[in-house]
Structures are given as C-alpha cells and as structure tokens.
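This briefing goes through selected features of one chain, grouped by topic. Please keep the sequence and the structure in view while reading.

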Amino acid sequence: MKHTTPQSEQLTIITTHTNADFDAVGSILAAQKLYPGAFVVFPGFHEKNMKNFFVSTMAYLFNMAEYRKIDSSRINRLVLVDTKQSGRIGEVSELLEKPDLEIHIYDHHPKLPDDIRGDYELHRSTGANVTLLVEQIRQHDLPVSPDEATVMCLGLYEDTGGFSYPSTTESDFLAAAFLRAAGADLTTISDLIAKEMDPQQIGLLNDMFHAAVHYNINGQEVVITTVSTEEYIHDLAFLVQKMLKIENLNAVFAVALMKNKIYIAARSRTPDVDVGAVVREIGGGGHSFAAAATVRDKTLAQVEHRLIALLKRHVKSTHQARDIMSAPAITAQSDISCRKARQLLSQYNINALLVFSPENRGRELLGFITRQVIEKALYHNLDDIPIGEYLTTEFAVTKPDADISEVQEKIIENKQRILPVMENQHVIGVITRTDLLNTLIYRDKQQADHSVEPLRDSRQPKTKNVTGFIKERLDEQIIGLLRRIGRVADSHGYAAYAVGGFVRDLFLYRHNEDIDIVIEGNGIEFAKAFARKEGARVNAYAKFGTAVIIFPDGFKIDIASARMEYYKFPAALPTVEMSSIKLDLFRRDFTINTLAICLNQENFGRLIDFFGGMRDLKEKAIRILHNLSFVEDPTRVFRAIRFEQRFGFSIGKLTAGLIENAVKMDFFRRLSGRRVFSELCQILKEEDPIPALLRLEDFNLLRVIEPSIQMDNRLRAMLESARNVLSWYDLLYIEDDYRRWAVYFLILIRHTDLQKGEEICRHFELAPRYKKIFVQERTEAEGCLHTLSRKLPMKNSELYHELSGFRTELILFMMAATRQERIRKAISFYVTDLKDVRISVTGRDLKQMGLTPSPLFGNILRRLLQEKLDGRVETRQDEIALVRKMVASDG
C-alpha cells in the first residue's frame, strides 16, 4: 500500500503493546519508515537492559511523543505493530472510540475473535513481527541506515531465538539478510541478546528448577513451576527459555508471584503444546511457541489449577492408542493348525496372532497366541492341533482414545504381548510390546534404518506441515485438484494421501505430475465418486484395489486402496491385501519413496515420514526398508541403481551388501524375462542410462539381462556414441515419437547373431513388433552399414535408396554403431537433407496430363524423386517438364 506524509491538521500515531520488547521496538522503527512524519508512542518497556539501551543509544531514531501531549482530535490514523489487542496498548486504546479513525495493523500473532479490526491489515505467521515490516520496506525500496538496521535486526534475533525457535520462517532469514546488507551491527546485537543473569535472576532460576512439577497431559510432558518473590525480577521469559534448554524440556510454564501480581511466561518446542492458546485464555498473548500473561487477584494455586485444566483441553494427544496401533490386525481362526499359524507369523513378520471363533462370522475374539507358544507346540510334534487349544484367553483390551499411560499399564501389568484395540466391539488394530517400547524410547529420536519387527514398528512418524512448500512448488490447478480429492475423501470418511514419486520429487525440486493417491478405504469406490464430481472416467482393477481417473483433457491420476503385499516365495509376484497407510508405505521399495502427504481438509499438507525418507533425501542415500527386500522382489535392485544414478545419490552400505547377496544367491533366476526387460527398459529410458549400465556391471548384473553382454571398452564407446547421436537428433527438434531406449538396447545386443537375437526376444517375451526391430531389421541395418562402407561416396538418390526403408531407431543405431566418420556423416546428411524430400507431382497430375494409370506411374514418380534428390529438378515446373520429356521419349 502507499504511505504519504500526513497533512498538518492530521496526525498518524504508531504504537505497540505494553511491556515492549526488541521486536516491538524494531517494528515501530520500521513502521516509522513506512509512515514518515508519524508520531511514535511507547507504552513502556518490558526488560530493564532494553530500556537502558534504548535511552542511551536508540532514542534519536524515533519521532517520539507523549500521548497526553498530543491533540487527539487531530489523530486520524493509528498504526499498531506486534499486537491487535485493545487491552495491550494502554491509554492509546481510547482512540478506538473515534468513528473516523483509520487503523492499520501489522501483526504476526494468531488471530482472535476479540482482535481490533483494521482498515488495512498485514497478518502472517512469522518468527518476528519486524519481518513483516521489513518486507514492506524492501518493496517500497526505502533506505535503511546501519543503526536502523541494527534495531530492527535485534527484534529478529530476539523473537526467533537467534533463528533457533521452531516458529522461525524463511521470511525471517530473508529479512535478516537484507538488514545485514544494510549494515546491522552483529556485535551490538550479540552483546544485547547474550544476556548475563544477575544474582537475583540466578536465584529465581534456581527456585524454578526446584519447584518444577512434571505433568503427563494427553501423552505430552509439560512442566509447571511456581515461584514467588517479594521483589519484581525482570526478564522472566528469558529464564524460562534458559530452563527449557538446560533441562531439555518440551514445554514449560513459569508462574511467578512478584509483589502483588502473578506473571506467567511459557515456552514450547513442540506443536502439540500450543502455549499461546493456553495463555490467551488467562488474558495473555503470544504464539504457539512463546507466550506471556499478567494475572491479578488470583493465588498461585488458583492459577496453577487453571493452567492444568486448560492444558488438558488444549494439548494435542499424539500418543493415543489409535496413533500407535497397527492396523488392520492380523488374525486367525481358532480351528487352524499350529503349522498354519507359524506360516502366518512368518508371512506377516509378526510375533503374535489375535484368534477369533470360526462361528458368528468370526466376530468373537477368543484370545491370542504367541510365536513362542507355536514353536513349542511344533517342537512337541503338535503341528496339526488347532491353535484354539493353546490360546491365552485372559487378556485386556483398550479403546482407540486411550492414552499411552493406560496402554503401558495394561501391557505391563498383564504381561501381555499384544493388546487389541476395540471400538464398538470390533477389533480395529493391535498394539504390541515392541510398539509400546518404540513409542516410549524413540518418539523424539531419529528412526533407525531397520527394526526387528518392521511391520509392527510403531515409532511415531515424523510429521510437519508443508502446505507453504506445496504452494511454492505446485501450480494452483494441481493444488486445487489435491484439495478436492481431500474433500471427497472426507465426505466418504476416508483418509487420502499423495504418495510415491510425486512426493519424493516435490522435495527434490524435480517436475513430476504423475500423481499417485492412496486411500485408507475403498479406493475404487472413492475413484468413482471423485470422477463423477469431476466429469471424468474411471478404469478400475478390482484385483489390486486400484483405479485410474482419466480427465477430459487426458490428465490422469492413479488411485489405490491402502494395501500390504507379501511374497509366497523369492521373486514371486506379490499377494495383495487391504491395509493402512503405514503398511502400504512399508511395502514400497526404498525409504525415499515412503513419504506421504495428507490431503484431508483438517490435515491438508501434513507430511508423514514413517521410515526416515526425508533423512535419506537429505543424505542422498538409497536404502531399503528391510533386509529381505531383494529376496522378495529382486527387480528392486534395478530400481535402486536407476534411482541412484538419476538423483546423484549413493546406495547405502547395507543395501549394497544385500544387492551383492541377491546376486550371489541368484534370486534373479526365478524372475520372468518380461519383468527383467521391463526394469531394463526403465533404465534405458533415463536421460543418460550409461552410468546405470556401468553400475549394473559393478554388481555383475548385466549377466542377468544377457550373459554374453561384456561391458568392454568397445561397448562403452558405442553406448557413448549412441548418447551423442540421440542428443544430436533431439536438437534437430524433429517431430518424431521414436523409442530412445530401443537404440541403446540395439547397441547392447549388437554382438549377437540372428539365432541369439531370437533367443533374447523369446526370453524377454517381447511383442512381435519389437522382435522384428531387434532381429530382422537390426540384421538388415548391419548389412546396410557394410554396403555403405564399400560404396561411399554415392549419389544422393543412392544414399536415399539405402536408408529410406529404415525406421528412426535403426537409422540412429547405425550412426552410433559405425566407427567410420564418413558413414556417420552420410547418415546425418540423409536425416537432415534427404529424408523429407518430396516431389509435388502426384498420380492425379499424371491423369490430368492424359496418362492412363498403370505401373508406369510408379516408375515416373520414382524417377522424379531420384532426379530431385540428385539436384537435377527443383521446381514443380521442372518436374512437369521432366514428365513430359519421359512420356515423349517412351512414345
């Protein structure tokens, strides 16, 4: 917006909240740059050292005035910074009664129902409020002196904790960079921010440590410390921040009685404890990570009791039973044999089974049986005895909203290996002892690469909201589509997630609009409902619970029901069952492909990372999810190499060792040729497949494709020649939808004879059209190269005759395969100058000249083309003249 100097009879007042901190002061100074001529009214300072610094150093920068000495009738504009609460601006609040007052607000605090409403408002969540105003200064290209930059930068450093608080945003860093470039003095900033505690503060902090009480509220640890002192001790918020860091706490509320007032300062390092929301209900203010309040006419006990009640209402419980359970539960009926039960335990990689009655449609839960019991039964030759004979039938259950402490008590007190989670008398999931242990120990730690029981690894996934990042990376049309998917999923009671390569490439800054959606529910039902709303059509595949939605413009998205897969034997195709998002992600090949983004309206943009995918993207590592991954599906080896080379990553040490094991154990022998060729094609379709082919040779995997392929210097030179030829051809911008991968494959099998080529095509189960290219046409192309080597140089028409029968893939293959530069130049001349030469005379023209259709027509047209290729005719008139000459000579 545009700011102008006020007229002489009108005044602009700039103010902030009482107990102003550095961020408020910096914001006022920035606002003064935007509103030249405005008067600054300070309602008071919060910190003693800041007041001293202000009086001795900064005061000259401000056009200050005492509010009571200003003629309020002349004030027509009020500018508020770092607040929009009438109760926090002191005596200036009386101006709000003026009907003609224009109000401008710059504030980064969360909006509240009782906020002052402005004629102009700039509101966005940033670490420091001054960031919002610095952005305006930059947009208006206003000059900033080094002293001004220092004051503004102080606010940035203070309110972001030196850019370490979770509330810090990218905008804060950009604002700091601008101010530093303007001359902000970091030494001054460091001296003021690095506060030294005086003896009174040290004593108070010591009291806070001793008075700290740890509360477990909805699974979150919150510390409340209550202290009292006869004197006012400044900077309570600073002491709370010290306590948070020293004790490595997640959330702290300090309640301090000083003289006749109670002061509350709160800090949080987890989004699950929104201290701002809690403190606002006591009359204070702040953000989700930092807040403060002043309370009168209450005792410490009353305030503490009120805090606890508010925390129970506001603290998000991230560790309820539904959050850590595995679903769906793996179950069995009581009449199956012990041998079959062991197969189920191995198939799903679990240690206990819930057991149901075979009667009443399997709805009656009878108990559970563990792997230990099953193994003992088999040891005693009880293979065929029903598991119902050996169940644990005395067991506890829990509800989905039970907190972690209740779950812990039931598992430990009952010595129960597996705890059913029940809702409306139905089992909706299970919690194992491993689940509980992982949640208690690892919830705040980095996930390890592998777990003993990966399908039951219920460490809480790393999550964060990436909505802002999505807005930066995707266009509005795609974002709108994703939001509509979330709305339809909500209407059906399903959870919807964007998954796979689409999410991975989002964070790799790679363009990818191949959208994969996973639905926790019936994916096909969802796809049909969404397609009806969008006017699209659906191709459904009931066997796999998948569907493709095809929009009128041809754009497609893939929909899948959340599913899990298991393999009956190494290299088998997977057997598919319905599942949850976690189990669906666990079936995927590599950690970097296990990221998911929630699309439901309430949690839109929430990134879910169960298996350390973001860590591996950062470390540029390709890692599998479990040690038997390549045993179950050896084709993942090819994908590991393809992703490694495409992204410039490295295959992890353990993963590389497991690839070598898969090669040594020859798990590839059970793969069908069709699956091997499909993976090879994907590699050859890469922009530059040569590094991946060399990597295949490193792992001795080229022999899996074809034992006779030798990656020697000659083959490598031909592959590099193919890459150069394809790059040359693409730069010609010829509209030709040719198969790049086929050129590389022709190079790989060039050494094979006709019989061997046919064997390769049969092994790979290639379609007849590909067999024709790779066998018959390749042989003809080799013959053409031999002819060219003998007959060059030749006429244009002769060169055209030799090459015109070949498709583009064979033409480029010949250019890449030949070692003779003259042949390569001749073929390139054909592509650029001869391939598209056409004559204008047609058979209709010949009939109009009185000729009767006959085989002579073909001879005439071929002769015309030959003469045009050799440069003896150029125009249509030349062609017609030649026809008449040919007819006359024949006549």
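**Sheet, buried contacts and backbone geometry**

Four bridges join strand S17 to strand S26 (residues 606–609), and the two strands run antiparallel. The model is a predicted one, and the points below begin with the sheet to which this pair belongs before turning to a buried leucine and to particular backbone angles.

**The eight-stranded sheet**

- Within S26, the residue that serves as bridge partner of Thr463 is Ile608.
- The sheet is open and has eight strands in the order S17-S26-S25-S18-S19-S22-S21-S20, with pairing that is mixed.
- Strand S17 (462–465) and strand S20 (537–541) are the edge strands, each of them pairing on one side only, and from one strand to the next the twist averages 25°.

**Helices packed on the sheet**

- Helix H17 (residues 476–492) packs on the sheet, where it touches strand S18 (495–499), strand S19 (515–520) and strand S22 (556–561), and the direction of H17 makes about 15° with that of S19.
- Helix H19 (residues 523–534) also packs on the sheet, in contact with S19, S20, strand S21 (546–550) and S22, and the direction of H19 makes about 145° with that of S22.

**A buried leucine**

- Leu585 lies in helix H20 (residues 581–586), and this leucine counts as buried because its relative accessibility is 0%, where buried means under 20%.
- Leaving aside residues up to four places away in sequence, Leu585 touches Val499, Thr594, Leu595, Ala596, Phe610, Phe611 and Leu625.
- Although Leu585 and Val518 are 67 residues apart along the chain, their C-alpha atoms are separated by 9.5 Å.

**Cis peptide bonds**

- The peptide bond from Ala327 to Pro328 is cis, with omega near -5°, and Pro328 has its place in the loop between helix H11 (321–324) and strand S12 (331–333).
- Leu792 and Pro793 are likewise joined by a cis peptide bond, for which omega is about 0°, and Pro793 lies in the loop between helix H31 (768–791) and helix H32 (796–803).

**Positive phi outside glycine**

- Lys259, a residue other than glycine, has a positive phi near 55°; Lys259 sits in the loop between strand S8 (251–258) and strand S9 (261–268), and with a relative accessible area of 59% this lysine is exposed.
- Tyr509, which is also not a glycine, has a positive phi near 55°; Tyr509 lies in the loop between helix H18 (501–507) and S19, and its relative accessible area of 57% makes this tyrosine exposed.

Conventions
Residues are numbered from 1 along each chain as its sequence is written. This is a predicted model: local features need pLDDT of at least 70, side-chain atom pairs count only at pLDDT 80 or more; totals for chains, interfaces and linings use all residues. Side-chain values use heavy atoms; hydrogens and water are left out. Two strands pair if DSSP finds at least two bridges between them. Axes are lines fitted to C-alpha atoms, for helices over the stretch in contact, and angles run from 0 to 180 degrees between N-to-C directions. Contact means heavy atoms within 4.5 Å. Buried means under 20% relative accessible area, exposed over 50%, partly exposed in between (1.4 Å probe, protein chains only).
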